[in-house]
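Welcome! Please take a first look at the structure below, and then we will walk through some of its local features together.

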Amino acid sequence: MGMVAGSYNFVGIVNPGGCHGPSLFPTNSSSTPGPRAFFSFDCFRRTRRGGGGSGRGRRVTMATSPAPSSPQRKILKTSDHLRHVDSMSVKPSGAGKVSQLNAVILGEALASEAHDLVFPSHDFSSQALVSSPEKYEEMYKRSVEDPAGFWSDIASDFYWKKKWSQPVCSENLDVRNGNIKIEWFKGGRTNICYNCLDRNIESGNGGKVAMYWEGNEPGFDASLTYAQLLDKVCQLANCLKDMGVRKGDAVVIYLPMLMELPIAMLACARIGAVHSVVFAGFSSESLAQRIVDCKPKVVITSNAVKRGSKVISLKDIVDAGLVESAKNGISVDACLTYENQSAMKRETTKWQEGRDIWWQDVVPKYPTTCDVEWVDAEDPLFLLYTSGSTGKPKGVLHTTGGYMIYTATTFKYAFDYKPSDVYWCTADCGWITGHSYVTYGPMLNGATVIVFEGAPNYPDSGRCWDIVDKYKVTIFYTAPTLVRSLMRDGDEYVTRYSRKSLRVLGSVGEPINPSAWRWFFNVVGDSRCPISDTWWQTETGGFMITPLPGAWPQKPGSATFPFFGVQPVIVDEKGIEIEGECNGYLCVKSSWPGAFRTLYGDHDRYETTYFKAFPGYYFSGDGCSRDKDGYYWLTGRVDDVINVSGHRIGTAEVESALVSHPKCAEAAVVGVEHEVKGQGIYAFVTLVEGVPYSEELRKSLIMTVRSQIGAFAAPDKIHWAPGLPKTRSGKIMRRILRKIASRQLNELGDTSTLADPNVVDELIKLADS
């Protein structure tokens, strides 16, 4: 494995110290080895820049204190840290200059002695859960020096039928010391459904709205209070028990974003069953793979869903998947099917008597109370399959106790949650974001959440903001891909709506380029809403590096600092930790409660994929740079790093430079073989609406990259792209782009999960234009 960028002089290696790992912060005790602070919390000196009392245009000077000398290590520096250049001189329409931000040519600003940052307002900070860097320092320091005490105190706020035994955490992250093992709160008995629902009702919130459901068609909506939601969860739980589902049994859920999807997840959790939600966009073959792997007792689905103007027969996909899984020796006896009348009537739904059961015919007949199955903290909660480099999906296994505490805590602090908030995450529950931050994290906090069935641009690109105004949404969490898409469609779709209820914005799924960050901040948030730009993974269960609204000044595009209990390190290709301003591979030392415990049925693959590359650490698979102020910048997957004539270039950096061009709406970059340079840079570019393709524009885009990063990063090929192949959750399918770029058109694989499969044909037609 090569380095992400730069050249290093490497000295020494530090091994992690288990759950009670070394602190990120300096101590006076020589007995506590560990990384020095990369940032100083007394360094935020605010000085007013000429004129006015608005509080805008404040400059913050960042100071880092020299470290005491240590015989075990010395600072490892890079001679050419990866810069995040995003020039304000060329910006997409509507991005504009952030009102509180000066010197926003980030590439050069990172190298200067002072930085101008986006500050939360005084009013926001004064009411925030974490209101200052000093408060963050205090909490973070305890979380890494005394993780057992820190997380035990938080866990005590939840209901446990039986308290956990000691130690609170047991771990081994070093394959050289035996099998990888992570355990938190083992011996404690609890139930996440009880903590999501019963606990909130018992505290007097039974009449509070738990979920607002917004249908695909405007005007179709519904809601459930916490008490009503519990009734429906208990009815389904009783039904599943009658179908023979017991503790530890798997249930596959293949549902669209109806309220019945989180209901099904919570019902499984209530009886100790292990749910495996499969995104209702995966093909029958992909569904069959998952059925064969986890061998469910029941499959829960809907007859159809309408996305935009298109009707998709989910039941047909499930039927084909069940036929395929039966060929591989796994038969499922029951398929519980919800009739989604707005998409398809039951009369036109294909049916297999003896196996298929209509939800509406049986579930409402069951009692609205159901006994809780108390489970050990380390008993499995759910399986979620994620893509693997070998083509076989990886069944990520999360357990109950640690995941519960971690998702609840990350949701609370990363969004500065208040009981009056109305929260909307646009993710589908088929992905980890929908598990952690549509269902479990919010409901563990007693939040009111939005569940949206439709497409964000249907019937037009103002749908998101129409929903925000309708429900008075205060926290809006979405993906950079959607931000860029809406940005491309124009400000008028945003500004026609009030959006005055919004107070916190969030970003998830990939690094958000600074131009999109600014548009999100300025146009959507009216320059007043902090953005929680979160970095985490399916495997981590919850946020790992994230801003805390109210605590930190932000740099557009940076994930900022680690969450409580998380100890990120940047290592070189030999696994040596690099301190200070640098770039390399992002790893984590010591475990955190939300970490996944294994890959279902394949612990060897779990160890090989995540722990063998850098023994003693969890390897995220992502590249990362840290600037001189300690801010973390995610540079994309390591396998999305292109090696051009010895220069390792992060695809995210090239994409950010391209999108900074005023006529570029979106870009996706992949590497292709090059007979001279080893790899070449192949860029798929989507232009702003109405802008025609031209050779002059092609040259202008290439020059933008050359000027912002360097000639070595200039794309070898600009491929015009009317659209990019994306899943319905907004994830760009780079696997397909790589195949198109390398002209391996017979190896495109399954495109059924794409929001618009026709995009692939259009890209192929334009391949040589």
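## A buried serine

Let us begin with Ser125. Setting aside the neighbours within four places in sequence, Ser125 is in contact with Pro120, Ser131 and Gly550. This residue belongs to helix 2, which covers residues 122-127. Ser125 has a relative accessible area of 12%, so it counts as buried. Please keep in mind throughout that this is a predicted model.

## A parallel pair and its crossover

Next, find strand 8 (residues 250-254), which runs parallel to strand 9 and is joined to it by four bridges. One residue pair to look for is Ile253 with its bridge partner Val277 in strand 9. To get from strand 8 to strand 9, the chain passes through helix 8 (residues 260-270), and this β-α-β crossover is right-handed.

Which way do the residues of strand 9 (residues 274-277) point? Val274 and Ser276 point one way, while His275 and Val277 point the other way. Whichever way they point, all of these residues are buried.

## Two helices that cross

Now turn to helix 12 (residues 401-414) and helix 13 (residues 432-444), whose axes come within 8 Å and cross at roughly 90 degrees. An angle from 65 to 115 degrees counts as roughly perpendicular, so that is how helix 12 stands to helix 13.

Which residues make the contact between helix 12 and helix 13? Helix 12 contributes Tyr403, Met404, Thr407, Ala408, Thr410 and Phe411. From helix 13 come His435, Ser436, Tyr437, Tyr440, Gly441, Pro442 and Leu444. Sorted by class, the contact of helix 12 with helix 13 has eight nonpolar residues, five polar ones and no charged ones.

## An open antiparallel sheet

Strands of a sheet pair through backbone hydrogen bonds, and they can do so in a parallel or an antiparallel way. Further along the chain there is an open sheet of five strands with antiparallel pairing, in the order 24-23-25-27-28. Strand 24 (577-578) and strand 28 (632-637) each have a single partner strand, so they stand at the edges, with one side of each left without a neighbour in the sheet.

At one of these edges, five bridges link strand 27 (residues 618-626) to strand 28 in the antiparallel sense. Among the residues involved is Arg626, whose bridge partner in strand 28 is Tyr632.

## Some unusual backbone spots

Most peptide bonds are trans, and most residues other than glycine have a negative phi. With that in mind, here are some spots to visit. The peptide bond from Gln166 to Pro167 is cis, with omega near 0 degrees. Pro167 sits in the loop between helix 4 (147-155) and strand 3 (169-172). Tyr458 and Pro459 are also joined by a cis peptide bond, with an omega of about 0 degrees. Look for Pro459 in the loop that lies between strand 19 (448-452) and helix 14 (463-471).

Where is Lys472 found? It lies in the loop between helix 14 and strand 20 (475-478). Lys472 is not a glycine, yet it has a positive phi of about 55 degrees. With a relative accessible area of 53%, Lys472 is exposed.

Arg743, too, is a residue other than glycine with a positive phi, here near 60 degrees. Its place is in the loop between helix 21 (734-741) and helix 22 (758-765). Arg743 has a relative accessible area of 37%, so it is partly exposed.

Notes
Residues numbered from 1 in each chain as written. Predicted model: local features only at pLDDT ≥ 70, side-chain atom pairs only at ≥ 80, totals over all residues. Heavy atoms only, no water. Buried < 20%, exposed > 50% of the residue type's maximum accessible area, 1.4 Å probe, protein only. Helix = DSSP H or I, 4+ residues; strand = E, 2+ residues; numbered from the N terminus. Pairing = 2+ DSSP bridges. Right-handed = clockwise from strand over helix to strand, strands pointing away. Contact = heavy atoms within 4.5 Å. Axes fitted to C-alpha atoms, helices over the stretch in contact; angles between N-to-C directions. Parallel < 35°, antiparallel > 145°, perpendicular 65-115°, else oblique. Nonpolar A, V, L, I, M, F, W, Y, C, P; charged D, E, K, R; others polar.
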